[in-house]
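Morning, everyone. Please have the viewer open, and follow along as I go.

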Amino acid sequence: MVSVYELIEKARKTGKIEKGTNEVTKAIERGTAKLVAYGADVDPKEIIQHIPILCKEKKIPCVEADKKEKLGVAVGLHVGCASVVIINAGEAEKDLEGFIKGLHKENK
């Protein structure tokens, strides 16, 4: 299975992603989000604490990534990124489906 970072990077190159908590929140509320990832090490936690709750309400897969720096690299930034959303997976569509299936298995 691909890592969340590989998935985001592939989607960034061939599809569409948004970065930053405001953009991620908008995508969740609009229903355009396919997968949301946020950094486990975001401080203060208040910045991202609403994201998993919103995702659950909207039934959007949500994953906690271990480092915001790695998320930043995956989205092409030289700084950490608190949260990222995949809107169009592009060539990562099959990887995304497999990743989401893997998440569902973990949560059972």
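Which residues line the largest pocket? Before the list, one caution: this is a predicted model. Now the lining. From the 50s and 60s we have P52, I53, C55, K56, K59, I60, P61 and C62. Further along the chain come I100, L103, H104 and N107.

Volume next. The largest pocket comes out at about 300 Å³. Two elements give two or more residues to its lining: α3, spanning 50–58, and α5, spanning 93–106. The largest share is from α3, with 4 residues. By character, the lining splits into 8 nonpolar, 2 polar and 2 charged residues.

On to the packing. In soluble globular proteins, nonpolar side chains tend to be buried together. Here, the largest nonpolar core has 22 residues. Which of them touch the most other members? Those are V4, I8, L35, L71 and I86. The elements giving two or more residues to this core are α1 (4–14), β2 (35–39), β3 (62–65), α4 (68–74), β4 (83–88) and α5. The top contributor is α1, with 5 residues.

Let's zoom in on L35. Leaving out residues up to four places away in sequence, L35 touches V4 and L7. It also touches I60, P61, C62 and V63. Then there are V84, V85 and I86. L96, F99 and L103 complete the list. Notice the overlap: I60, P61, C62 and L103 touch L35, and they also line the largest pocket.

Last item. There is a second, separate core of 15 residues. Its members include V24, V36, V42 and I87.

Key: Residues numbered from 1 in each chain as written. Predicted model: local features only at pLDDT ≥ 70, side-chain atom pairs only at ≥ 80, totals over all residues. Heavy atoms only, no water. 1 Å grid on protein atoms, 1.4 Å probe; cavity = no way out; pocket = protein on both sides within 12 Å on 5 of 7 lines; lining within 4 Å. Points joined across faces, edges and corners; volume = space filled by probe spheres on them. Nonpolar A, V, L, I, M, F, W, Y, C, P; charged D, E, K, R; others polar. Core = buried A, V, L, I, M, F, W, Y, C linked by side-chain atoms within 4.5 Å. Buried < 20%, exposed > 50% of the residue type's maximum accessible area, 1.4 Å probe, protein only. Contact = heavy atoms within 4.5 Å.
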